[in-house]
Amino acid sequence: MADRYVPTIDQARSLHRQMIRIRLFEEHAGALAEAGKIPGFIHLYVGQEAIAVGVADNLRTGDAVTSHHRGHGHAIAMGADLRAMYSELLGRRTGYCKGLSGSMHVSDSSIGMLGANGIVGAGIPHALGAAFHARYRGNDSVAVAFFGDGATNIGVFHESANLAAVLGLPVIFVCENNGYAEFSPQSSQSLIADVADRAASYGMPGEVVDGMDVCAVHAAAQRAIARAREGDGPMLLEAKTYRYYDHQGVKGLRKSYRSEEEVEQWRNRDPISSFEAWLDTEALLDHGEAASVWAEVAEEVQSAASFADAQPEPDAADLMAYVYAGG
């Protein structure tokens, strides 16, 4: 694993706030789901915040990302409006997709968020399309495909990785390896410990990074994105991480596939609290300042959720309005 990114005080505080925004958004979304206010399934990103924030901080206008069913964190890291996010989760007309898509399909092309996706691995070829578009237009934009370890055993991952390498496309494949594909451990699906090892078979570099360390992720993403912008082609970045909650739902812990001890071990490496400890040691942000950020973001999240809850739901006339393009 390579060197960590060393942020300035402003950069460090920005990374810190963004991770907290994702954490508190997700925790509150989970509470809403438990209260029966969110229709359909919800998959929380809690525990994986360092990856979305570490990667997105290296992106700029014109770049694009594709996501998976656990995609709220990526949208927020890219700059999504929390009010529109909650509106979508609650099925309100002010949501990103007019309240018609739900939790697993949030998208906003204006910020480069090409969409989350409820189908395992389905967002990966979409990132190739964005990367091909950048190449065709002759600019130095890049695309990032986020996916889980389970998706690396899906055919479309192999097809996309091979084609990206053959065409030298500016795409970064980011595997958020949280150790489980739904309820199945990685060891039951694959005999390799590191997904990044597969990169060599496609003729691209691969790298493993600590997905619980935002500065380590930032540094690895910076290298991968820089080489893609320079025309050196794709790269596979594997971030070792963990989701605190069950695959779907909120506070469920299926002891048949995860032990309380395992969850606690990973929680002890929490990406936010460990970053806060480092910030305090480096005199970039003390505990009192960190507490103020948590309070400010909590107010922002509650305000966004309250706004969404007061908005109207779609009506029958909206059913087909956004399905087909007109004219």
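Ala64 stands opposite Ala143 in strand E2, and this pair is a convenient place to enter the structure, which is a predicted model. Strand E2 covers residues 143–148, and 3 bridges join strand E1 to strand E2, the two running parallel.

These two strands belong to an open sheet of 5 strands, whose order is E1-E2-E3-E7-E6 and whose pairing is parallel. At its edges lie strand E1, residues 64–66, and strand E6, residues 206–210, each of which pairs on one side only. Between neighbouring strands of this sheet the turn is 20° on average, with direction ignored.

Two helices can be placed against this sheet. Helix H5, made of residues 124–137, lies across E1, E2 and strand E3 (171–177), and its direction is at about 175° to that of E2. Helix H8, made of residues 214–229, lies across E3, E6 and strand E7 (235–240), where it runs at about 155° to E6. Strand E3 thus appears in the contacts of helix H5 and also in those of helix H8.

Strand E2 leads on to the open spaces of the model, since what follows concerns the pockets. Which strand gives the largest share of the lining of the largest pocket? That share, 3 residues, comes from E2, while E2 and strand E4 (180–181) each supply at least two residues of the lining. The largest pocket has a volume of about 280 Å³ and is lined by 23 residues, with His69, Val120, Gly148, Gly150 and Ala151 lying nearest its centre. Sorted by class, this lining holds 8 nonpolar, 10 polar and 5 charged residues.

The second largest pocket contains about 200 Å³ of space, and of the 14 residues that line it, Arg60, Thr61, Asp63, Ile111 and Gly112 are the closest to its centre. Its lining divides into 7 nonpolar, 5 polar and 2 charged residues.

There remains the question of enclosed space: how many cavities of 30 Å³ or more does a search of the whole structure find? The search finds 1 such cavity, and the volume of the largest cavity is about 50 Å³. The residues that line the largest cavity are Asp149, Thr152, Asn153, Gln186, Gln189, Ser190, Ile192, Val195 and Arg198. In terms of class, this lining comprises 2 nonpolar, 5 polar and 2 charged residues.

Technical notes
Residues numbered from 1 in each chain as written. Predicted model: local features only at pLDDT ≥ 70, side-chain atom pairs only at ≥ 80, totals over all residues. Heavy atoms only, no water. 1 Å grid on protein atoms, 1.4 Å probe; cavity = no way out; pocket = protein on both sides within 12 Å on 5 of 7 lines; lining within 4 Å. Points joined across faces, edges and corners; volume = space filled by probe spheres on them. Nonpolar A, V, L, I, M, F, W, Y, C, P; charged D, E, K, R; others polar. Pairing = 2+ DSSP bridges. Helix = DSSP H or I, 4+ residues; strand = E, 2+ residues; numbered from the N terminus. Axes fitted to C-alpha atoms, helices over the stretch in contact; angles between N-to-C directions. Contact = heavy atoms within 4.5 Å.
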